[in-house]
Amino acid sequence: MITFMNNSDSEDETCNERTSLMSAESPPIPSYQDGLQASEAGEAQIHRKRHAGSSRSPNNVADGDVSDSGVRARGSALENEDEELTLKYGAKHVIMLFVPVTLCMIVVVATIKSVRFYTEKNGQLIYTPFSEDTPSVGQRLLNSVLNTIIMISVIVVMTVFLVVLYKYRCYKFIHGWLILSSLMLLFLFTYIYLGEVLKTYNVAMDYPTVILVIWNFGAVGMICIHWKGPLQLQQAYLIMISALMALVFIKYLPEWSAWVILGAISIYDLMAVLCPKGPLRMLVETAQERNEPIFPALIYSSAMIWTVGMAKPDTAARGPSQQTWDAAEDERENHSSPSHSDSQILETRSPVPSHPITSSEEPEEEERGVKLGLGDFIFYSVLVGKAAATPSGDWNTTLACFVAILIGLCLTLLLLAVFKKALPALPISITFGLIFYFSTDNLVRPFMDTLASHQLYI
Amino acid sequence: MTLAVFFGCTFIAFGPALSLFLFTIARDPLRIIILIAGAFFWLVSLLLSSLIWFIAVKASDPRDEALQRGLLIFGVMFSVLLQEAFRFLYYKLLRKAIEGLVALSEDGCSPISIQQMAYVAGVGFGLMSGAFSMINLLADALGPGTVGIHGDSQLYFLTSAFMTMVLIFLHTFWGILFFHGCENRRWWEIAAVVLMHLAVSGSTFWNPLYVGSLVPSYLLMAAAAVWAYLLSGGSAQNLRRFLLCSQSGASPQLAS
C-alpha cells in the first residue's frame, strides 16, 4: 500500500478539471509570450511530474525553461531579459523552497525526537521482506541490498504502469487511485499519528472528539489538495502529508536498507529523468505531444502566477480549464484585493475563447511560482529523520544533514538555472546528506564530544 | 536543570545572533543563501579537521593521557587554521559570485556588496560554530541531572552559553576583518584574525578557570568590534550622531 500510494502520489497526469491545483494553472503563464504558450504549458506542467523519489526540480525553472525556449524562438534580444528575470527571481525561489523543506524537516525531527513510536521497530513493510536481524555484517549488508532491489523494482514497475496508463488515457483510473491514496494518508495515518502523540504526552481524548478532529482535518485536506483552497492551507497540507509519509518510511524501513534505498533512489531519479528512455522522460514527452496540461495534485507549489490578465488563445482548446480560472481566481483573492480581481476575471472569462484580452492588472509583473515534487520532500525528511533517530541522540548529525540538504537544493536550483531543463532534485542533496551523515556521526561526533567534555572551543 | 536553564542558555547563546539574523538577514533571500553556504563551509572545515584528529587518535595509544591531551590541542589548533582557510576559500567563492551577479544585473552593480557578504558570511560561520558547540548541551539541559555533581564546575551551562555568544560575535567581526584584509591585500589583518582565533581557542584551555577564558575572549571581542566598525566606515562622529539621534538631513538611524 505504501508504494502504491507513493506511485499514485506521483502520477497524476490527469487532465481532470476537478484537480485544479493552482500550480497547474499557473504554469502556462509566462504571460508575455502568448504564442508559444500551448507547448510550453505542456512542458511546464510536465516538469511538475512527481514520482516517488524522482521528482523533478522546481518549476520556476520549468517556467524559466518555458519562457526561455519561447524567447529563443524570438531571438536573443529577449533572452538576456529572461535570464535576468530567472536570476532575479532565483534567490527568492530558492528561499521559497527552503522554507517548506525546512518546515517539513522540523515536523519530522520534532516527532522523531519526542514520539517513541516512530523509532520503535514493529515489523517491516512487505516491500522489504529481508530482515536485518542477522548476526553477521555481510549477511546484513546482503539483506539490505536485496531489500533495496525489491523496493526500487516495485517503484520502477509502478512508474512504468503509470506511464502506460497515461499513454492509454486511463485518466479516471489514475485519478481514483490518487484520491484513494490521499484518503489513506489524510485519515488513517493522521489518526495513528494523533494517537501516538496523545499517548506520548499522556493526554486523554474521547472518540467523538477524535472523530470530529480527524474528519474535519481529512475532509478539508481532500478539498484543498484535490480541488480548491487557500494557497497556504494547501501548502500546509502538502507539508503535513509529506511529513507523515516520511515518518512511515522512517518507522518501517530497517536501518541499513533505508540508507541503501536513499542512495539507490537518487541514482534512479537521475536515470529516470535524464536518460532518453527513462519513464519520466517518456511521460514528459507524451504529455508534450498531446499538449496537455498535467494537473498533478501532489506537487508543492509556493507562489501564484498571475497571468489572468492575458487570456490565451488556446484556452478554448482546454475546455475544462474553466475551473482553472477558478483556482487562479482563488489565489488572487488571497493575494490581492478580492473584489477588484474578481471583476477583472469575470470580464476576461467570457471572451476567453475568442481573443486575448489584456486586463488592467499588470500582466508583465508576473510572479513565477516554484514547484517541487512531494517525493523530494519525503526523501529529504527521511534522511534528516533517520539522522535524528540515531541511537546516540546527537543533534549535530541532524543539523549537519539539514544544512547539507539545503545546500544540495541550492546547487540543484543553480544547475537548473544554468542548464534550463528538467533536473532531478534528489541526487545532489541526498549525496551531500549521506556524506555528511556518515562523516558527522563517525568523525565529528567523537571530536565534538571530547571538546565538550573539556569545554574547549574551536 | 529545567526549562529555565534551557531557555536561559538558549537565549544567552543565540539571542543576539537570532536578532541579527531577523533584522538584517531574514528579509533578503540572497543573504540567507550566503548565510547557509557559510555555515556549510564551516561544516566542511570541521569535517576535515575531525578526520585528521580521528586518524591521529586511532593511530596512537589510547591509554597515554598526555599524548591524547597533546593530540587534542593539536586538533583544536589545526581546526582553527582550517576554519580560517575555509573562510578564505569562501571569500574567493563570493568574489566570483559578485562578478556573476554584476554581469547579470540590469544596472551593472551587484545587489549585494562584498562588505555585506563579509558580514553575512561571518554570521553564518558563527551560527554554525555556536550551534555545534551548544545544541547538544541544550538538549541535555532539558533532561534530568545535576550539574557538576562529580566536582566539576556548576556553572558549566552558563559559561558555555556565554562562550558561545562571544564566539558567534567574534566570527561575525572576523568575517568583516578577514574579507576587508583580502579585498585590500592587507595581510596583517588576515594574520590578526588568525591569531585572535588561535588566542580565543587557546584561552578555552583555561576552562574551568573561567576568568582565564571568558574575560580575554570578551576583551578580544570588544577590540574586534571596534576594529570592524571602523573598517566598515564607522567613526566616533557617526556613533555620536546615532546615539543622539541628531538630524543630519535624512536620519537613517530612525528609519529602521
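These are my notebook entries on a predicted model of two chains, A and B.

**Confidence**

I began with the overall scores, and the model has an ipTM of 0.92 and a pTM of 0.79. I then took the chains one at a time. For chain A, I noted a mean pLDDT of 73, with 65% of the residues at 70 or more. I looked up where the pLDDT of chain A falls below 50. One such stretch is residues 1-76 of chain A, where the pLDDT stays under 50 and the model has 288 contacts beyond four places in sequence. Residues 306-366 of chain A are also below 50, and this stretch has 88 contacts beyond near neighbours in sequence. Where pLDDT is low, predicted coordinates should not be read in detail, so I leave such contacts uninterpreted.

For chain B, I recorded an average pLDDT of 91, with 96% of the residues scoring at least 70. Which elements of chain B have the lowest and the highest mean pLDDT? The lowest mean, 87, belongs to helix α8 (residues 236-244) of chain B, and the highest, 96, to helix α2 (residues 29-58) of chain B.

**Annotated spans**

I checked the UniProt record for chain A, an unreviewed entry. It lists "transmembrane region" for residues 94-112, 145-166, 173-195, 207-227, 234-250, 256-275, 399-419 and 425-444 of chain A. I compared two of these spans with the model. Residues 94-112 of chain A are 100% helix and 0% strand, with end C-alpha atoms 27 Å apart. Residues 234-250 of chain A are likewise 100% helix and 0% strand, and their end C-alpha atoms lie 24 Å apart.

The unreviewed UniProt entry for chain B gives the annotation "transmembrane region" to residues 6-25, 32-55, 67-86, 117-135, 155-180, 187-206 and 212-231 of chain B. I again examined two spans. In residues 32-55 of chain B, I found 100% helix and 0% strand, with 35 Å between the end C-alpha atoms. Residues 117-135 of chain B are 100% helix and 0% strand, and the end C-alpha atoms are 26 Å apart.

**Interface of chains A and B**

I turned next to the contact between the chains, which takes 39 residues from chain A and 46 residues from chain B. Together chain A and chain B bury about 3,700 Å², with 76% of it on carbon and sulfur atoms. On the side of chain A, the residues that lose the most area to chain B are Gln455(A), Tyr457(A) and Ile458(A), which together make up 23% of what that side buries.

Which helices of chain A each supply at least two residues of the side that touches chain B? I listed α5 (77-114), α15 (395-419) and α16 (426-454) of chain A. The largest share, 15 residues, comes from α16(A). By class, I counted 25 nonpolar, 9 polar and 5 charged residues on the side of chain A that touches chain B.

I also looked for polar links. I found 0 salt bridges between chain A and chain B. The interface does have 11 residue pairs in polar contact, with both residues at pLDDT 80 or more.

**Backbone details**

I closed with two loops. Asn207(B) and Pro208(B) are joined by a cis peptide bond, with omega about 5°. Pro208(B) is in the loop between α6 (187-203) and α7 (210-231) of chain B. In chain A, I noted Asn202(A), a residue other than glycine with a positive phi, near 55°. Asn202(A) lies in the loop between α7 (171-201) and α8 (207-226) of chain A.

Note on methods. Residues numbered from 1 in each chain as written. Chains lettered and ligands numbered in written order. Predicted model: local features only at pLDDT ≥ 70, side-chain atom pairs only at ≥ 80, totals over all residues. Heavy atoms only, no water. pLDDT = per-residue confidence, 0-100. Contact = heavy atoms within 4.5 Å. Buried area = accessible area lost by both parts, 1.4 Å probe. Salt bridge = Lys/Arg side-chain N within 4 Å of Asp/Glu carboxyl O. Polar contact = N/O pair within 3.5 Å; in protein donor to acceptor, adjacent residues only side chain to side chain. Helix = DSSP H or I, 4+ residues; strand = E, 2+ residues; numbered from the N terminus. Nonpolar A, V, L, I, M, F, W, Y, C, P; charged D, E, K, R; others polar. UniProt positions renumbered as here; feature names shortened; annotations may be inferred.
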